[in-house]
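User: I'm new to this one and would like to know what stands behind the terms people use for it. Could you take me through it?

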Amino acid sequence: MNINLLVQFIGLIDELTHRNELIAEFERLIELYGFEYYGVIRQVRLSDDPMDLVLSGRWPDRWPEIYIRKKYIIIDPTILYMGQARGGFRWRDTVAAFRTNPHRKRMERMIVDARNHGLEDGYIFPVHARRGLVGNITLGGKPVDLHPIEMGLFDCVAKKMFWKLQNADGTEKPDVDVNLTRREMEALGHLADGMTSHEIARVLSISNHTVDWYMTGIQEKLNAKNRHHAVALSFRLGLIS
């Protein structure tokens with residue numbers, strides 16, 4: 001085990017301020033562990049181009065093009081398995097969970113295709129926030145056996161790396177006044193949990209009109225187009241997690 005490497009890197013993440021430096025140190029860490037390829041990826045939706053969701057990554061030549069062309073995202077057992085996983089898991093353990101899936105044969109063909117391109121095995125570490133699954137870090141290449149303690153530490157690395165890169169991403173980072181009041185923060189948190197104005201009013205023991213007042217103030221301070229946009233900006237700015 002190389003537990004000290006992981007512990008040292010977890011402490012190092014907070015000290016690194018430049019994105020490229022953070023990625024370089026992360027790549028050095030996973031190479032020391034024997035992983036050749038990786039991805040730091042926002043949560044996949046079937047309507048997205050998978051490559052648009054990548055915060056950082058390195059894959060075998062042509063594999064991203066093959067993955068997209070053959071629409072593997074639809075049947076990728078590692079992606080499907082993430083919907084029920086709370087912590088890190090190994091790629092090779094996912095197919096067994098889909099024994100009765102009508103796309104089982106296609107899943108098996110995808111795995112063979114991946115192995116032929118150098119992705120023999122690997123791990124995925126999901127990243128969750130209050131709204132659910134928001135992304136993951138995947139590591140792969142030649143088979144690497146991780147101890148349960150290392151799995152837990154890599155889970156911590158995944159969370160810190162994901163949010164550090166997400167916050168360093170230049171897209172949709174507005175210059176806003178984020179000095180929200182305590183009540184606005186409470187209302188925003190409940191909104192992020194999917195509550196309606198009526199539900200928020202009941203939880204906070206205030207009127208619907210007061211909730212709407214808070215929501216208007218939140219949107220103005222965040223320069224958000226609507227409530228959904230306000231929630232998205234709040235996650236990006238680290239106001240809620």
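Analyst: Here is a short round of questions on the whole chain, one strand and one helix. Keep in mind that this is a predicted model.

User: Let's begin with the whole protein. How many helices and strands does it have?

Analyst: There are 10 helices and 5 strands. The C-alpha trace spans about 60 × 45 × 30 Å along its principal axes.

User: What share of the residues is buried?

Analyst: Of the 241 residues, 44% are buried. That label goes to a residue with under 20% relative accessible area. As for the outside, the protein exposes about 12800 Å², and carbon and sulfur atoms supply 50% of that.

User: And where do the charges sit on average, how many Å apart?

Analyst: The mean positions of the 32 positive and 31 negative charges are 5 Å apart.

User: Now strand 1. Why is it called largely enclosed?

Analyst: Being buried takes under 20% relative accessible area. In strand 1, 6 of the 6 residues are buried, so the rest of the structure largely encloses it. You can check this face by face: Tyr37, Gly39 and Ile41 are buried on one side, and Tyr38, Val40 and Arg42 are buried on the other.

User: What makes strand 1 and strand 5 a pair?

Analyst: Two strands pair if DSSP finds at least two bridges between them. Strand 1 and strand 5 (residues 132-141) are joined by 6 bridges, so they pair, and they run antiparallel. Within that pairing, Ile41 stands opposite Asn136.

User: How do you know that strand 2 pairs with strand 1 too?

Analyst: The cut-off is at least two bridges, and 4 bridges join strand 1 to strand 2 (residues 54-58), again running antiparallel. Here Val40 stands opposite Ser56.

User: On to helix 10. Which of its residues are buried, and what do they pack against?

Analyst: Helix 10 covers residues 227-237, and its buried residues are His229, Ala230, Val231, Leu233, Ser234, Phe235 and Arg236. These buried residues pack against strand 1, strand 4 (121-129), helix 6 (148-168), helix 7 (182-192) and helix 9 (208-222).

User: What makes the link between Asn226 and His228 a polar contact?

Analyst: The cut-off for a pair of N or O atoms is within 3.5 Å. At the start of helix 10, a side-chain oxygen of Asn226 comes to within 3.2 Å of the backbone nitrogen of His228, so the distance fits the cut-off.

User: And which phi does Gly238 take, just after the helix?

Analyst: Gly238 takes a positive phi of about 80° just after helix 10.

How values were computed
Residues numbered from 1 in each chain as written. Predicted model: local features only at pLDDT ≥ 70, side-chain atom pairs only at ≥ 80, totals over all residues. Heavy atoms only, no water. Buried < 20%, exposed > 50% of the residue type's maximum accessible area, 1.4 Å probe, protein only. Helix = DSSP H or I, 4+ residues; strand = E, 2+ residues; numbered from the N terminus. Contact = heavy atoms within 4.5 Å. Polar contact = N/O pair within 3.5 Å; in protein donor to acceptor, adjacent residues only side chain to side chain. Areas by Shrake-Rupley, 256 points an atom, 1.4 Å probe, with all protein chains shown as cover. Lys, Arg positive; Asp, Glu negative; His and termini not counted. Charge placed at Lys NZ, Arg CZ, Asp CG, Glu CD.
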